[in-house]
Amino acid sequence: MNIERLPTGIRKLDELLEGGIPKRFFVAVTGEPGTGKTILCMHYIWAGLQQGEPGIYITTEESRDSIIRQAEMFGWNFLEYVSSENLIIIDALMRNRSDEWSLIKLEVEELVNVIIRAKKRFGYSHARVVIDSMSAFWLDKPAMARKYAYYVKRKLYPWNVTILATSQYAITTSDAFGFGIEHVADGIIRFRRSVRNGILRRFLIIEKMRQTNHDRRVWEIDIVPGQGITLLRPLSSVSKEDFALPRKVLRKIEEAKRKKEAEIWGSDSHGEAKNY
């Protein structure tokens, strides 16, 4: 079966995906802060704009101006396409009621409605969509992540869009907030980070991509000014220590957990915590 694929804007990553992301997929881009999720999304939107595909970018953790400025650092003139109305950046951070493309409430129903309104502006042609990030919609209710992600995917599928949705992982656990969206997603591109010998290293792995015989190795990446994400090399072997937090940080995490448990259970004089 011939599958139409969309280039991500990163040539090596496209090679690992048999040419790109299958059209009309809902792909989760997960990882800790500062690992490259937003930059991948910018690559993806820019690649579409260069092919004549309109883009819709929802930003929940940065302002519209911040996204435009960050794109400029890598040589991508988002402002030109915003001005020509081929790119709509929906600002969910500043929440300006007088702004047509501002998300006033962090609710998935409003998110879907504004994306559909933007898509109608573009007509029937295919559009690329980025939601950066989905985690903002369930920060105070993480158990709803799967339900909300499913709602977004189901409601937007008929509108001829291909979606990249970022989801934050906590630095301390590397797995908070991402679990629900991963069940729903057609693909998962996961970013990781580690600090060893005082040097920050970033990694990428394609954990899942339906209808695709994708690469399964962990790749070290770099973020280059004026260029964006570059895949450097696959790791020949991966150990737990490659992604483990320093022992000092782990001890603080354990101390914080014990303190939290003590606050919940109070005094152990009646044996509640012990019997639990």
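Leaving aside neighbours within four places in sequence, S102 is in contact with R64, D91, R95 and N96 in this predicted model. S102 itself belongs to the loop that runs between β5 (87-91) and α5 (108-122), and because its relative accessibility is 7%, below the 20% limit, the residue counts as buried. Among the contacts of S102 is N96, whose backbone nitrogen lies 2.8 Å from a polar atom of the S102 side chain.

R64, another of the residues that S102 touches, falls within helix α3, which spans residues 64-73. Two packed helices are described by the angle between their axes and the distance between the axes. For α3 and helix α2 (residues 37-50), the axes come within 11 Å and cross at roughly 80°, which means that α2 is roughly perpendicular to α3. On the α2 side the contact is made by T38, I39 and M42, and on the α3 side by I67, Q70 and A71; sorted by class, these comprise 4 nonpolar and 2 polar residues, with no charged residues.

Further along the chain, strand β8 (residues 187-196) runs antiparallel to strand β9 (residues 199-209), and 10 bridges join the two. Within this pairing, I189 has I206 of β9 as its bridge partner. The hairpin formed by β8 and β9 has 2 residues between the strands, and N197 takes a positive phi near 55° there. Strand β9 also pairs with strand β10 (residues 219-224), again in the antiparallel sense, over 3 bridges, and in this pairing R202 stands opposite I221 of β10.

How values were computed: Residues numbered from 1 in each chain as written. Predicted model: local features only at pLDDT ≥ 70, side-chain atom pairs only at ≥ 80, totals over all residues. Heavy atoms only, no water. Helix = DSSP H or I, 4+ residues; strand = E, 2+ residues; numbered from the N terminus. Buried < 20%, exposed > 50% of the residue type's maximum accessible area, 1.4 Å probe, protein only. Polar contact = N/O pair within 3.5 Å; in protein donor to acceptor, adjacent residues only side chain to side chain. Contact = heavy atoms within 4.5 Å. Axes fitted to C-alpha atoms, helices over the stretch in contact; angles between N-to-C directions. Parallel < 35°, antiparallel > 145°, perpendicular 65-115°, else oblique. Nonpolar A, V, L, I, M, F, W, Y, C, P; charged D, E, K, R; others polar. Pairing = 2+ DSSP bridges.
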